[in-house]
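This report describes selected local and overall features of the structure shown below. It moves from single residues to a helix, a core and the confidence scores.

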Amino acid sequence: MSGRILVVEDDERIRSSMRLALEGEGYEVKDAASGEEGLDLFAEAPTDVALIDLMLPGMDGFECCRALRRSSAVPIIIVTARADTHDVVAGLEAGADDYVTKPFVAKELAARIRALLRRARPAEEEPGALTFGDLQLLPEQGVLRRLNGEEVHCTRTEFRLLCELAASPNKVLSREQLLDRVWGYDYFGDGRLVDVHIRRLRTKVEADPAVPQHILTVRGMGYKLVP
Amino acid sequence: MKLGIGARITAVFGLGALVLSVLLGGISYFTVRHFLLAGRESAAQQQAFSNASNVRTSLEGGDTNYVFLLGQVDAGTGAHSVLYHRSKAYVSSLSVNASSIPAQLRKEVLAGTPATQTYRNAAGQEEIAVGLPVPSVHAAYFEVFDLSDLDHTMSVLGLTLFVAGAVTTLLGLALGRFASRRLLRPLSDVTSAAGAIAGGELDTRLDVEAADPDLVGLTLSFNAMVDQLQERIEREARFNSDVSHELRSPLTTLSAAVGVLEIDRDRLPERSQRALQLLSDDLQRFQRMVSDLLEMSRADAGSVDIFFEEVNVSELVQRSVETGIGHMDGRRHGTPEVVVDPQVEGWRVGVDKRRFERVLVNLMENADHYGGGVTTIAVGPGPVLEPAPGRSGRLVEVSVDDAGPGIDPAERAKVFERFYRGSASGRRGTGTGTGLGLALVAEHMHVMHGDVRVESSPDGGARFVLSLPVLSNGDGEGDGDGDVDGERDELVNEKEVDA
């Protein structure tokens, strides 16, 4: 599989080893030692995936994610030292699609990138067009728009998540199912990925995200979409 | 037995009140008695003197009708007279006789000295006897006054004083209790603050403004102590996170570099392949060690964030075993069998799935290293507790049996200590454990509100039993089975995900 990857990492040795490992997997790697440099590189030539370390000198990883997200829907993986902190949620809320913890195994990182790239391409089985509220989801065109024609921008992961929910309206999908279908994780995937993405999706889809009408939580079970 | 400060203060107050009331009561009793007695005595003396004077007049007149004479003298006074005349004694009433007069008094009076004596008669009644010599007619006149009314007055007074004393003592005890409560109240504030701090609420401080002026010193030094404690803990947490970052960076480089080598493994000479294998195995072990140590130090610093998910317990155990096998290091004794009691089907628990998986991996590794491998993993109902709000009161137990020699009962509590290797220490050479595995099992179970214990399995091996509180007995709906009908109205708002 090929693709272009932006690596933003301040530690030179980690950067070199990541470049070696990812090039070994067949990717083309561009690397940057700071958030600012990374954003410049991306602006010059957008990549297919961005890998951003959260602990960066100067502009930190969260800020870098937000800046990147403002201009692009590129899949972002954040690299964090700890999985069980607020950092993960904060990073996801800053716009990241997935995360890996240091020290990561190269194979695992490659698997995460593959899952994101696969998802960034059109899925094979898409649900038909679905209208809910004042929104219209057109999976085959990769478009979510309001009935007045205004397009709602969402990342590919958000879009994919919405499509999975829309493929079986009124049915509860568990976190595990969504993690498997959208992110390619097994049973032990991090449910926070789903929760934060649902939250992000609600801010775009719901009139009042605090009182959702379409993307509903079924306590202890998962989520469902109600047209 | 050691008395508490509250009990001691109460006792001191009670004792003080008792001593004070005994003292006051005693003084009042004896003073009153003294005055009453003195009054009665002088009245008795006056009466006796006047009677003696009458008797003398009569005797001087030669009247020797003693009975009539004495009867006349006694009339209406309630007193009784005894008259000695010419060495013979005459009495005014049958209730007295010559021996009623105390010998000492009689002797003195007969010798010519007037005297008065208070005493108790043979019947135990208090009496006062006044003796007056009447030398002019060679007689001695005695008059005995009954003091039983005084006795009665005094006993009423005594009882009154006793009751007052008892009431005062009780009031003293009550006051002491109140005072000790009052005194200890600031201490109970300190106690609850210290408890909150021990429970991890490091921002807790005592209110200096509201503190008792006498306790400002204590309050200030308590707050200063907590400030220092908090600073040390935060410094330690910072240090841990620095160490974490510093160690993880080279590990990340190593891991990525070894990953590159592994891609090209087949092109390496055989000796290098074996070296690479050793390198990558020990790198993995090193990573586990670092993450175990950091996990442990985070638990010590109380900075564990946990992400709870509500899951079906039998699915959790089955998935954890399946996935866990792949995450185990070292040798392997085959895939263990998972036996699920039908009773727990559908039971749901709140866990951090990855922590739970680690718990099972650690137990399976422990069984592999020290117990000849896992024989059975069983899921079944545990004891029933008192239900509480948000809890069903049920426990579910997951037991992991191994084929080893079992663990000596004396060692069972210790196996969960860090770096404890016990009688298995001789086998260290082959072990890939970090010595933290079981300690982490206990740690993880506690943060998930569960517990772990070890006992012996029916086959004589060790049995580790995990217990977890059950959130709901479910209604048979698993959340991983899909296609659960969505027409439930159990909808709630999004829960906080990083709780």
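B:His138 is exposed in this predicted model, because its 12 other C-beta atoms within 10 Å do not exceed the limit of 12 for an exposed residue. B:His138 sits in the loop between β4 and β5 (139-146) of chain B. Although B:His138 is not a glycine, its phi is positive, at about 55°.

A second histidine of chain B also has a positive phi, near 65°: B:His449. B:His449 belongs to the loop between α9 (437-447) and β11 (451-456) of chain B. B:His449 has 15 other C-beta atoms within 10 Å and is therefore partly exposed. Positive phi values are listed below, together with that of a glycine just after α4(B).

| Residue | Phi | Place |
|---|---|---|
| B:His138 | about 55° | loop between β4 and β5 of chain B |
| B:His449 | near 65° | loop between α9 and β11 of chain B |
| B:Gly200 | about 105° | just after α4(B) |

Another loop of chain B, between β3 (115-120) and β4 (126-134), holds B:Asn121. B:Asn121 counts as partly exposed, since 17 C-beta neighbours lie inside 10 Å. Beyond its neighbours within four places in sequence, B:Asn121 is in contact with B:Ser100 and B:Glu127. Between B:Asn121 and B:Pro102 the C-alpha to C-alpha distance is 8.7 Å, with their positions 19 residues apart in sequence.

Helix α4 of chain B covers residues 148-198, 51 residues in total. From the first C-alpha to the last, α4(B) reaches 71 Å, which is close to the 75 Å expected at 1.5 Å a residue. At B:Arg185 the helix α4(B) bends by about 40°, and the proline B:Pro186 follows within four residues. The buried residues of α4(B) are B:Gly165, B:Thr169, B:Gly172, B:Gly176 and B:Ser180. The partner against which these buried residues of α4(B) pack is α1 (5-60) of chain B.

Chain A contains eight helices and eleven strands. Of its 227 residues, 49% count as buried. Among contacts in chain A with a separation of 6 or more, 55% come from residues 24 or more positions apart. A cis peptide bond, with omega about -10°, joins A:Lys102 and A:Pro103. A:Pro103 lies in the loop between β5 (98-101) and α5 (106-120) of chain A.

The largest nonpolar core has 66 residues, and those touching the most other members are A:Ala50, A:Leu51, A:Ile52, A:Cys65, A:Ile76, A:Ile78 and A:Leu162. This core lies between domain 1 (4-120) and domain 2 (130-225) of chain A, because both give residues to it. With neighbours within four places in sequence left aside, A:Ala50 is in contact with A:Leu6, A:Phe42, A:Leu68, A:Val74 and A:Ile76. Another core, of 40 residues, lies apart from it and includes B:Val349, B:Leu363, B:Val396 and B:Ala462.

As for confidence, the average pLDDT of chain B is 80, and 86% of the residues score at least 70. Below 50 in pLDDT are residues 425-431 of chain B, a stretch with two contacts in the model beyond near neighbours in sequence. Residues 475-499 of chain B also have a pLDDT below 50, and this stretch has 47 contacts in the model beyond near neighbours in sequence. For the complex, the predictor gives an ipTM of 0.77 and a pTM of 0.62.

Technical notes:
Residues numbered from 1 in each chain as written. Chains lettered and ligands numbered in written order. Predicted model: local features only at pLDDT ≥ 70, side-chain atom pairs only at ≥ 80, totals over all residues. Core = buried A, V, L, I, M, F, W, Y, C linked by C-beta atoms within 7 Å. Buried ≥ 20, exposed ≤ 12 C-beta atoms within 10 Å, placed from the backbone. Domains from an automatic or database assignment. Contact = placed C-beta atoms within 7 Å. Helix = DSSP H or I, 4+ residues; strand = E, 2+ residues; numbered from the N terminus. Expected span 1.5 Å × (residues − 1). Bend = angle between axes of the 7 residues up to and from the residue. pLDDT = per-residue confidence, 0-100.
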